[in-house]
Amino acid sequence: MLNKGARLTRSSFPKKRARIQHIFPWGTVSEYPGGTFMAAVVVSKKTLKTAVDRNLARRRLYAALKAEISSKGGTFTVFPRAVVLETPFSSIKQDLRTIL
């Protein structure tokens, strides 16, 4: 899990559209270049119905972000799809490695 200082808050969430979007089978990663590393995982109720599933997806993606791209600068927002729960963790990490 990312520490609180590396996670985006509502007030620091990017207002403009992302310049770079990476689309994967398990979700979309929007990249805003420049600055220090910050990230957010946005899981809607429409995507995953129960809070348990939303929190599990959020924890898995924060762990993958921390492991793979925390050394890179910039702001990242992740919008997962429902299949993120069935996707192997190693596959998510490998996809995030391609962003570098």
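In which sense do β3 and strand β4 pair, and over how many bridges? Hi everyone, let's start there: β3 and β4 (residues 75-80) run parallel where they pair, and 4 bridges join them. Two strands count as paired if DSSP finds at least two bridges between them. Helices (H or I, at least four residues) and strands (E, at least two) are DSSP runs, numbered from the N terminus. One bridge links M38 to its partner T75 in β4.

A quick word on the source. This is a predicted model, where local features need pLDDT of at least 70 and side-chain atom pairs count only at pLDDT 80 or more, while totals for chains, interfaces and linings use all residues. Residues are numbered from 1 along each chain as its sequence is written, and side-chain values use heavy atoms, leaving out hydrogens and water.

Now the whole sheet. It is open, with 4 strands in the order β1-β2-β4-β3 and mixed pairing. At the edges sit β1 (20-24) and β3 (38-41), each pairing on one side only.

Next, the helices. Helix α1 (residues 51-68) lies across β3 and β4, at about 160 degrees to β3. Helix α2 (residues 89-99) packs on the sheet as well, touching β1, β2 (27-32) and β4. Angles here run from 0 to 180 degrees between N-to-C directions, with axes fitted to C-alpha atoms, for helices over the stretch in contact.

How do the two helices meet? Their axes are 9 Å apart and make an angle of about 45 degrees. That makes α1 oblique to α2; angles under 35 degrees are roughly parallel, over 145 roughly antiparallel, 65 to 115 roughly perpendicular, and the rest oblique. Residues in contact (heavy atoms within 4.5 Å) include L61 and A64 from α1 and I92 and L96 from α2.

Let's look closer at I92, in helix α2. I92 counts as buried because its relative accessibility is 0%; buried means under 20% relative accessible area, exposed over 50%, and partly exposed in between, with a 1.4 Å probe and protein chains only. Beyond its neighbours within four places in sequence, I92 contacts W26, R60, L61, A64, V84 and T87.

Finally, the largest nonpolar core has 22 residues, and W26, V29, L65 and L96 have the most contacts inside it. Such a core is a set of buried Ala, Val, Leu, Ile, Met, Phe, Trp, Tyr and Cys residues joined through side-chain atoms within 4.5 Å. Helix α1 gives the most to this core, with 5 residues. Thanks for listening!
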